[in-house]
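This report follows a few parts of one protein model, from a residue in a strand to the salt bridges, one helix and the nonpolar core. Please keep the coordinates at hand while reading.

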Amino acid sequence: MDIKLSQCFIAVDDHDQALAFYRDALGLQVRNDVGFEGMRWVTLGSPAQPDVEIVLEPPLADPNASPADRQAMAELLAKGMLRGVIFSTEDCDATFERVRASGAEVLQEPTDQPYGVRDCAFRDPAGNMLRIAQRRNA
């Protein structure tokens, strides 16, 4: 069986702010920007991984969701309770400095972890935690 990751989804409450972070601070390319029934999806990806896409979507991307469910998802997003992603890089420290210079909220400065990576962590404008990891040579 040949199975690969194609897309992952990150909930955001302001697509324009999220674009400034993912495109401008992280350097991802915008691949698509679609609106439907008052909602918006923006697809981005790394030039180094043309087959993998990150989709920035509304906190509850279901036009049939109840107002109570929409509110519950918005509250979870605001608390930073929804999961983000882990990016990899060849230089954690340089990437950290570039993202920090963008004004992103720093959660963890570059740290050598016991499981073989040097990583750092940020929150995106919606509150999602993102980690950026560099594999350490053994």
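In this predicted model, Glu105 has a relative accessibility of 45% and therefore counts as partly exposed, since that class lies between the buried limit of under 20% and the exposed limit of over 50%. Glu105 is found in strand β6, and, leaving aside residues up to four places away in sequence, Glu105 touches Ala121, Phe122 and Arg123. Glu105 can also be placed relative to Pro125: the two residues are 20 positions apart in sequence, while their C-alpha atoms lie 8.2 Å apart in space.

**Salt bridges**

Strand β6 also holds Asp112, which pairs with Arg136 in the segment after β8, so the question arises of how many residues separate the two partners. The side chains of Asp112 and Arg136 meet in a salt bridge with an N to O distance of 3.7 Å, and this pair links distant parts of the chain, the two residues being 24 residues apart. Asp112 forms a further salt bridge with Arg118, where the closest N and O atoms are 3.1 Å apart. Asp93, Asp112, Arg118 and Arg136 are linked in a network of salt bridges. A search of the whole structure finds 9 salt bridges, and among them is one between the side chains of Asp24 and Arg23, at 2.7 Å from N to O. The table lists the accessibility of residues that take part in the pairs described here.

| Residue | Relative accessible area | Class |
|---|---|---|
| Asp24 | 51% | exposed |
| Arg23 | 35% | partly exposed |
| Asp112 | 43% | partly exposed |
| Arg118 | 21% | partly exposed |
| Arg136 | 36% | partly exposed |

Two of these values lie beside a class limit: Asp24, at 51%, is exposed because the limit for that class is over 50%, whereas Arg118, at 21%, is partly exposed because buried would require a value under 20%.

**Helix α3**

Asp93, a member of the salt-bridge network, also appears at the start of α3, where a side-chain oxygen of Asp91 reaches to within 3.3 Å of the backbone nitrogen of Asp93. Which residues of α3 are buried? They are Cys92, Thr95, Phe96 and Val99, and because they cover an arc of only 105° around the axis, they are placed on the same side of α3. These buried residues pack against α1, β6 (105-112), β7 and β8. Just after α3, Gly103 takes a positive phi of about 95°.

**The nonpolar core**

The largest nonpolar core has 27 residues, and those with the most contacts inside it are Ile10, Phe21, Tyr22, Leu26, Leu56, Phe87 and Leu130. The elements giving two or more residues to this core are the helices α1 (15-25) and α3 (92-101), together with the strands β1 (7-11), β3 (39-45), β4 (53-57), β7 (117-123) and β8 (129-135). The largest share of this core, 5 residues, comes from α1. Leu26, one of the residues with the most contacts inside the core, touches Phe21, Phe87, Arg98, Val99, Leu130 and Ile132 when residues up to four places away in sequence are not counted. Val99 thus belongs to two parts of this account, being one of the buried residues of α3 and a contact of Leu26.

Conventions
Residues numbered from 1 in each chain as written. Predicted model: local features only at pLDDT ≥ 70, side-chain atom pairs only at ≥ 80, totals over all residues. Heavy atoms only, no water. Core = buried A, V, L, I, M, F, W, Y, C linked by side-chain atoms within 4.5 Å. Buried < 20%, exposed > 50% of the residue type's maximum accessible area, 1.4 Å probe, protein only. Helix = DSSP H or I, 4+ residues; strand = E, 2+ residues; numbered from the N terminus. Contact = heavy atoms within 4.5 Å. Arc of directions from axis to C-beta. Polar contact = N/O pair within 3.5 Å; in protein donor to acceptor, adjacent residues only side chain to side chain. Salt bridge = Lys/Arg side-chain N within 4 Å of Asp/Glu carboxyl O.
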